[in-house]
Amino acid sequence: MSVLEAIKEEIDKAKSIIIVTHENPDGDAIGSTLGFMHGLKKIEKDVDVFVPIINKMYDFMPGYDLIKKEIPEDKEYDLCISLDSSDLERLGEGRAIFEKASNTIVIDHHITNQNFGDINYVNAVASSTCQNIIVVLAAMGIAINKEMAMCIYSGMLTDTGGFRYNVQPETFEFAGMLLETGIDIAKIYKNLFDVTTLARTKLLGRAIERLELLEEGKIACTYISQKDIEEFENEEGDHENIVNYGRNIEGVEVSIFLREADGYFKVSLRSNEYVDVSRIAAKFAGGGHIRAAGFELNMSLEQAKDTVISEIKSQFKKI
Ligand SMILES: [Mn+2]
């Protein structure tokens, strides 16, 4: 039996299903969970989606209001499906539900996926988990309608940075299929990339004010503190994208963004052409890709800054 057949069989026999995803959920995480939820509801399945903390920017996706932010204690799920998460740890609060379920399925596109489910469908070539969801739905004989397409298209758009990265020919074929359902792609794009809030804009302004260039303009660095987040009453995820402003400055190779969180700093790095930031992250027990990586430093702002900068400088020397 193929993996897709096994998934169909497992879902067919499940009485109640819960879908979980990774912490700090992005457009692919939310798009895939909601898209798949709609698909399973179409075949009359009792299905819930659990995401404890979610940014309001995703509220344009149909089904957003159905997302459970707390674990319903009175309910037993016999099948838990994890979408877009590479490992158990990244599930955060969802981990407990996943571990409690008698049957589990993992659908993902991260090359580092730990295959932590009973059944694992991990196609790392795919642009997004949403793209893999299209394949799973097709195997299950579930036709994609407009509300499913809105969610799924959102995930593909997010993880490809607006169809720029990780795009395969089939990404466009699938996108074309979704377009046929009548979705408003301009509206989806606007919601994901253009619409912002005053709080997010203020936070960005604060970070830009503090932005400095170092090492003859090859390093850009800025930070936000917990005080800033309190002052502007920011939501989870409001800092996303700030790191790219430094990277976009002409001549910058590495952009550093430090974010204070409960006495330590979360560090995000982005590079443009030749520095492999995943190597820097690996030195500090973090992770990521060649051009985008992150890790945590349990030190003061000045110490954290110095540590990251000297590590980047040593990478410059090796090139
Ligand atoms: Mn993804």
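1. Let me start with the six-stranded sheet of this predicted model. Its strands follow the order β6-β7-β8-β9-β11-β10, forming an open sheet with mixed pairing. At the edges you will find β6 (212-214) and β10 (287-288), each of which pairs on one side only. Helix α12 (residues 301-318) packs on this sheet and touches β6, β7 (219-224), β8, β9 and β11 (292-297). The direction of helix α12 makes about 155° with that of β8.

2. Within that sheet, have a look at the pairing of β8 and β9. Strand β8 (residues 254-261) runs antiparallel to strand β9 (residues 264-271), and eight bridges join them. Ala-261 has Tyr-264 in β9 as its bridge partner.

3. It helps to keep the domain division in view here. The protein chain splits into domain 1 (3-194) and domain 2 (198-318). Between the C-alpha centres of the two domains the separation is 29 Å.

4. The other sheet to check is open too, with five strands in the order β2-β1-β3-β4-β5 and parallel pairing. Why is one side of β2 and of β5 left without a neighbour in the sheet? Both β2 and β5 (119-122) stand at the edges with a single partner strand each, so nothing in the sheet flanks their other side. From one strand to the next, the twist averages 15°.

5. Two helices are worth displaying against this sheet. Helix α1 (residues 3-13) packs on it, touching β3, β4 and β5, and the helix direction makes about 130° with that of β5. Helix α4 (residues 129-139) lies across β3, β4 and β5 as well, running at about 120° to β4.

6. Now for the strand pairs, beginning with β1. Strand β1 (residues 16-21) pairs with β2 in the parallel sense over five bridges, and Val-20 stands opposite Phe-50 in β2. To get from β1 to β2, the chain passes through helix α2 (residues 27-42), and this β-α-β crossover is right-handed. β1 also runs parallel to β3, joined by five bridges; there, Ile-19 stands opposite Ile-81.

7. Moving on from β3, five bridges join this strand to β4, again running parallel. The bridge partner of Ile-81 in β4 is Ile-105. The chain reaches β4 from β3 through helix α3 (residues 94-100), in a β-α-β crossover that is right-handed. Strand β4 (residues 103-108) then pairs with β5 in the parallel sense over four bridges, with Ile-107 opposite Tyr-121.

8. How much of β3 is buried? Five of its five residues are. Leu-79, Ile-81 and Leu-83 point one way from the strand, while Cys-80 and Ser-82 point the other way. As a reminder, side chains in a regular strand alternate between the two faces of the sheet.

9. The packing of nonpolar residues brings several of these names together. The largest nonpolar core has 55 residues, and those touching the most other members are Ile-17, Ile-19, Leu-79, Cys-80, Ile-152 and Tyr-153. Helix α5 (residues 146-159) gives the most to this core, contributing eight residues. Another core of 28 residues lies apart from it and includes Ile-219, Cys-221, Ile-242 and Val-308.

10. Ile-19 deserves a closer look. Setting aside neighbours within four places in sequence, its contacts are Thr-33, Phe-36, Met-37, Val-47, Val-49, Ile-81 and Leu-83.

11. Is Ile-11, in helix α1, buried or exposed? Ile-11 counts as buried because 23 C-beta neighbours lie inside 10 Å, where the cut-off for burial is 20 or more. Beyond neighbours within four places in sequence, Ile-11 is in contact with Leu-40, Lys-45, Leu-79 and Met-140. For a long-range check, Ile-11 and Lys-202 are 191 residues apart along the chain, and their C-alpha atoms are separated by 45 Å.

12. Finally, consider Glu-73, found in the loop between β2 (46-50) and β3 (79-83). Glu-73 counts as exposed because it has 6 C-beta neighbours inside 10 Å, and the cut-off for that label is 12 or fewer. Measuring C-alpha to C-alpha in the model, Glu-73 and His-38 are 23 Å apart in space and 35 residues apart in sequence.

Definitions and conventions:
Residues are numbered from 1 along each chain as its sequence is written. This is a predicted model: local features need pLDDT of at least 70, side-chain atom pairs count only at pLDDT 80 or more; totals for chains, interfaces and linings use all residues. Domain bounds come from an automatic or database domain assignment. Two strands pair if DSSP finds at least two bridges between them. Two residues are in contact if their C-beta atoms, placed from the backbone, lie within 7 Å. Axes are lines fitted to C-alpha atoms, for helices over the stretch in contact, and angles run from 0 to 180 degrees between N-to-C directions. A nonpolar core is a set of buried Ala, Val, Leu, Ile, Met, Phe, Trp, Tyr and Cys residues joined through C-beta atoms within 7 Å. A crossover is right-handed if, with the strands pointing away from the viewer, the path from the first strand over the helix to the second runs clockwise.
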